[in-house]
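Visitor: I've got a model to look at and a few questions. Can you walk me through what you see?

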Amino acid sequence: MQTKLSKAINLLRDLCAQFNAIHIDPLEKKWVTISLMVVGLLVGIITLDAFFHGVNPPSKVETIDSASLHLSKEFAEENLGVQVDGKGAVTIRMVAGRYSFFPKHIDVPAETPLTFRWVSMDVLHGVHIPMTNMSTMIVPGYVAEVSTTFPKPGEYPLLCNEYCGLGHNHMWSNISVIAKEDWKAPVKSPASGEQK
Ligand code: CUA
């Protein structure tokens, strides 16, 4: 181990010596330094972001077989819609398919953190709830998870915002945001197929 390390250090030293032996114009050297500093700064920003803001490479995505959603535990028909787990966390599971969102209508509480989990059963769809910050693409084969909170009660449309076929502009559904105190958790057993 020690010898390998010292070998590597020697190699690096040789390289530096060779580099220094080459004549480089001082102005060029200056620009090389500046560009390396810019690269270092950008890599630094990405690294810090990865650590502090949880920015991940795409390897962390959750995949799912679109063709057998009905056989999957989590997105089987009886598990769709709003569910509250033992700790009171609200999760909404919905399936997008040409040309609707399933279930067709849901009631969610206002001023409560909600986790939406979307999957597509056919092609690329999108979901957008106007007047809120809720918007995501639903790529077939992947689970799209979005966490949000709706501050105000009201009736909101839920629109598909990725062209998905001839019925695209008829692909919409509704969501009722109900005042926190009036909202009742649906009487449903928690999803048997919680995420792994
Ligand atoms: Cu679904 Cu457009």
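Visitor: Is C164 buried or exposed?

Guide: First, this is a predicted model, where local features need pLDDT of at least 70, side-chain atom pairs count only at pLDDT 80 or more, and totals for chains, interfaces and linings use all residues. Residues are numbered from 1 along each chain as its sequence is written, and side-chain values use heavy atoms, leaving out hydrogens and water. Buried means under 20% relative accessible area, exposed over 50%, and partly exposed in between (1.4 Å probe, protein chains only). C164 has a relative accessible area of 6%, so C164 is buried.

Visitor: How many disulfides does the structure hold?

Guide: A disulfide here is a pair of cysteine sulfur atoms within 2.5 Å. The number of disulfides in the structure is 0.

Visitor: Which strand gives the most to the largest nonpolar core?

Guide: That core (buried Ala, Val, Leu, Ile, Met, Phe, Trp, Tyr and Cys residues joined through side-chain atoms within 4.5 Å) has 27 residues, and I92 and W118 are among those touching the most other members. Strands here are DSSP E runs of at least two residues, helices H or I runs of at least four, numbered from the N terminus. Several strands, including β4 (105-109) and β10 (172-178), each supply at least two core residues. With 4 residues, the top contributor is β2.

Visitor: What is the bridge partner of G81 in β2?

Guide: Strands pair if DSSP finds at least two bridges between them. Antiparallel β1 (residues 81-84) and β2 (residues 90-97) are joined by 4 bridges. G81's partner in β2 is R93.
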